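Biologist: I should be grateful for a close look at a single part of this model, namely the surroundings of the ligand. Please carry the description on into the parts of the protein that lie beyond those surroundings.

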Amino acid sequence: MANADQDSWSRVKERLRADVGDDVYSSWFARMDLEGLEDKTVRLSVPTRFLKSWIQSHYAERVLACWQAHDTNVARIELTVRSAVLRSNVAVKPRETAPVVNGHIDAGRMNGHARPLLPADAAGHEALGGSPLDPRLTFDSFVIGRSNTLAHAAAKQVASAKRTDPVMFNPLYIHAGVGLGKTHLLQSITWAGNATGERKVLYLTAEKFMYGFVSAIRTQTAIAFKEALRGIGVLVIDDVQFLQGKSTQAEFCHTLNALIDAGRQVVIASDRPPSDLETFEDRVRSRLSGGLVVEMGGLGEELRFEILKSRVHAARAHHPTFDVPQPVLSYIAKTVTHNGRDLEGALNRLLAHSKLTGHAVTLEMAEREVRDLIRPQEPKRVKIEDIQRVVARQYNVSRSDLLSSRRTANVVRPRQVAMYLAKTLTLRSLPEIGRRFGGRDHTTVLHAVRKIEGLVGADVALAEEIEGLKRQLQE
Ligand code: ADP
Ligand code: MG
């Protein structure tokens, strides 16, 4: 494909991002690729059928408009599902194509696709409409450390509760950054809960929830879908931050209420606390905060070491000669700080390397193999409340001053600094930041950001002050 096409695509993506906001963009478009541009047709691909149907029904015209703003020749967008990494026992799926002509979808060509095959023990769960489970993600392989003790205990409690036990906390809401074990814990609950046979546990990704719901509406079996959901004892929903759209969220809220009122357990995982689910309505957020909200912190070095050790142990079931000396484990635990996925990646490379070359794993080899996984200290997730608190303290004003409409100089500057920090240290969009600062308009936030950006160039004292605040917030 011509480089010029990729350039155009980069620009169109930027426009799209500006158009829909960072959150929506990263939920739906981050994994969209340009496949080609021929004649008047732009061919784009996404990794899942769900993403395709969601983008087609909600954003087809937007995407087309963004292209047309860049290139007036473009008349249609064609969206395909790329056959991505496939589970080993799944037949290669042919590409599906459903053309979007001037924003209209040719529905006749949007037909079903073969479902992937699954291991037999997961099939029961799948038949209920649940998302596929990874057999490795169980309580046995979950390593407990300081950052996840509470979440683990709560998860265990949920998994082992009897049908007749009173529900202790509902919903159980677990939040943590990427790769810190949310999915692992949720799938552990599902495996363990279903193994006891006490209560049926259904694990759904947010995508599956939406896809089930959206397609149920299309085929008019919404009632059946709801009935099926209500027939289960524990509903587990992963990555709830991806639930988008008013009707999906409304349905989610109904389901939540129905289950909780009927004494069924709900477990939710998200990358942020309920109060930060910006697109959700207040009543949904408060319902989500109404049970037990637990945060899992970063994996400390000790925990990383233990996870690596248990991983090596598990790998040896299939590769008995695989051995990683303790100094290598310590080295990886110390340097690969990012998250659980990178730890797994690091070990996979050592395993592959030692299998392919027949050499034993040494520190030197490890240093070479995992070099690109070593990152500078992972920046902390900064919350807007923390920014407001720290800035208020620094300038000796109250947090409510920052949110108020007061326009005296001693409040205006700290407020601008706080908005600037919110924009630079979080992924929140301008409108969201405005909302969190007493319901201000996004243009006010933009003005504040530009103002401070302009000032730090010239005012060394202010620049240092801001660096100091950033350090405080990221420590
Ligand atoms: P999340 O859903 O929070 O993004 P995952 O649950 O997918 O993260 O975890 C990422 C990887 O790290 C997985 O391979 C998981 O097994 C591993 N992992 C994370 N925390 C732990 C833990 N406490 N014990 C064992 N493995 C863990
Ligand atoms: Mg996850």
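Modeller: The account below begins at the ligand and then turns to the protein interior. The model is a predicted one. Around ligand 1 there are 18 residues, and the closest of them are Val 143, Gly 179, Thr 183, His 184 and Arg 341. Sorted by class, this shell consists of six nonpolar, eight polar and four charged residues.

Several polar contacts can be described individually. At Val 143, a polar backbone atom is 2.8 Å from a nitrogen atom of ligand 1. Oxygen atoms of the ligand also take part: one lies 2.9 Å from a backbone N or O atom of Lys 182, and an oxygen atom of ligand 1 is 2.7 Å from a polar side-chain atom of His 184. The protein covers 94% of the 560 Å² of accessible area that ligand 1 has on its own. Two or more residues of the shell are given by each of helix 6 (182-196), helix 11 (301-315) and helix 13 (340-357).

His 184 merits separate attention. This residue belongs to helix 6. Its relative accessible area is 12%, which is under the 20% limit, and His 184 therefore counts as buried. With neighbours within four places in sequence left aside, His 184 is in contact with Arg 136, Leu 137, Thr 138, Ser 141 and Phe 142.

The description now passes to the nonpolar interior. In soluble globular proteins, nonpolar side chains tend to be buried together. Here the largest nonpolar core has 51 residues, and those with the most contacts inside it are Leu 172, Leu 185, Val 267, Phe 322, Val 324, Ile 332 and Leu 350. Helix 11 supplies the largest share of this core, six residues; helix 11 is also one of the elements that give two or more residues to the ligand shell.

Leu 350 illustrates the packing in this region. Apart from neighbours within four places in sequence, Leu 350 is in contact with Phe 322, Val 324, Val 328, Ile 332, Val 361, Met 365, Ala 366 and Glu 369. Two of these partners, Val 328 and Ile 332, are among the buried residues of helix 12 (residues 326-335), where Leu 329, Tyr 331, Ala 333 and Thr 335 are buried as well. The buried residues of helix 12 pack against helix 11, helix 13 and helix 14 (363-369).

Notes: Residues numbered from 1 in each chain as written. Chains lettered and ligands numbered in written order. Predicted model: local features only at pLDDT ≥ 70, side-chain atom pairs only at ≥ 80, totals over all residues. Heavy atoms only, no water. Near = heavy atom within 4 Å. Polar contact = N/O pair within 3.5 Å; in protein donor to acceptor, adjacent residues only side chain to side chain. Areas by Shrake-Rupley, 256 points an atom, 1.4 Å probe, with all protein chains shown as cover. Helix = DSSP H or I, 4+ residues; strand = E, 2+ residues; numbered from the N terminus. Nonpolar A, V, L, I, M, F, W, Y, C, P; charged D, E, K, R; others polar. Buried < 20%, exposed > 50% of the residue type's maximum accessible area, 1.4 Å probe, protein only. Contact = heavy atoms within 4.5 Å. Core = buried A, V, L, I, M, F, W, Y, C linked by side-chain atoms within 4.5 Å.
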